[in-house]
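Here's a quick walk through one protein chain, for anyone who likes to look at pockets and packing. Have the model open while you read.

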Amino acid sequence: MARKAGKQQAGSTPAIVALEKAGTAFSVHSYEHDPAVASYGTEAAEALGRDPAQVFKTLVAEVDGALTVAVVPVSGSLDLKALAAAVGGKRAAMADPAAAERTTGYVRGGISPLGQRRRLPTALDASARSHATICVSAGRRGLEVELAPGDLAALTGAVVAPIARD
């Protein structure tokens, strides 16, 4: 699975560049994105033939007015109250999609927890610990990176907490 840092490859994304710069072991998986699909995470799991509990989606929420990233399995949904508690806040709501895109530098359906334009507080669902590796967006629809959950938490400064519900 190890991919070494080196020259930036054609089609590389800020997320991949961040992983290479950190020297983190990861692999890249691509698939043909269907623009008609409504659930990007489910599409990724199906296209890659992965258990949806091992493929994680990146969501941007507002916790007490501050944008915050939540990384949860595509098989579940984000528990906003649990997210707020995990990051020491009181109230959470989903962020405006335009604000999420502007702040992260990625488009909806391709927001990665890595290599964001502005690093946001991040929470990773505790279920990630039950997998040796998980997949998250590599920063573009149809492109995923697979890495160890501990590496993702370390690179993003994520709090690991139970923030998803089935």
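The notes below go from the annotated domain to the pocket, then to the cores and a couple of spots in the chain.

## The model and its domain

Bear in mind that this is a predicted model. UniProt, in an unreviewed entry, lists residues 35–154 as "domain: YbaK/aminoacyl-tRNA synthetase-associated". Over that stretch, helix makes up 25% and strand 31%, and the C-alpha atoms at its two ends sit 32 Å apart.

## The largest pocket

The largest pocket comes in at about 470 Å³. Its lining takes in 24 residues, and Y40, T58, L59, R108 and G109 are the ones that lie nearest the centre. Three elements give two or more residues each to that lining: α2 (40–48), β2 (56–63) and α4 (97–104). Of these, β2 gives the most, with five residues.

As for the chemistry of the lining, 14 of its residues are nonpolar, seven are polar and three are charged.

## The nonpolar cores

The largest nonpolar core holds 26 residues, and L124, V136, V145 and L152 touch the most other members. Helices α1 (14–22) and α5 (149–156) each supply at least two residues of this core, and so do the strands β2, β3 (66–73), β7 (134–140) and β8 (143–147). Apart from it there's another core, of eleven residues, including A61, V72, L78 and A84.

V145 is a good place to zoom in. Leaving out residues up to four places away in sequence, V145 touches I16, L19, F26, S27, V28, L114, I134, C135, V136, S137 and A138.

## A closer look at A138

A138 is part of strand β7. Is A138 buried or exposed? A138 counts as buried, because its relative accessibility is 0%, and the cut-off for buried is under 20%.

Its surroundings bring in residues from far along the chain: the C-alpha atoms of A138 and T13 are 6.8 Å from each other, with their positions 125 residues apart in the chain. Beyond residues up to four places away in sequence, A138 touches T13, A15, I16, S112, L143, E144 and V145.

## Helix α2 and what follows

Back to α2, which also helps line the largest pocket. Which residues of α2 are buried? They are G41, E43, A44, A45 and L48. The cover over these buried residues includes β1 (27–30) and β8. Just past the helix, G49 adopts a positive phi of about 65°.

Definitions and conventions. Residues are numbered from 1 along each chain as its sequence is written. This is a predicted model: local features need pLDDT of at least 70, side-chain atom pairs count only at pLDDT 80 or more; totals for chains, interfaces and linings use all residues. Side-chain values use heavy atoms; hydrogens and water are left out. On a 1 Å grid over the protein atoms alone, a cavity is a set of points where a 1.4 Å probe fits but cannot get out, and a pocket is an open set with protein on both sides within 12 Å along at least five of seven lines; lining residues have an atom within 4 Å of a point. Grid points are joined across faces, edges and corners, and a volume is the space filled by probe spheres set on the points. Helices (H or I, at least four residues) and strands (E, at least two) are DSSP runs, numbered from the N terminus. Ala, Val, Leu, Ile, Met, Phe, Trp, Tyr, Cys and Pro count as nonpolar, Asp, Glu, Lys and Arg as charged, and the others, Gly among them, as polar. UniProt positions are given in the numbering used here, feature names are shortened, and annotations may be inferred rather than shown by experiment. A nonpolar core is a set of buried Ala, Val, Leu, Ile, Met, Phe, Trp, Tyr and Cys residues joined through side-chain atoms within 4.5 Å. Buried means under 20% relative accessible area, exposed over 50%, partly exposed in between (1.4 Å probe, protein chains only). Contact means heavy atoms within 4.5 Å.
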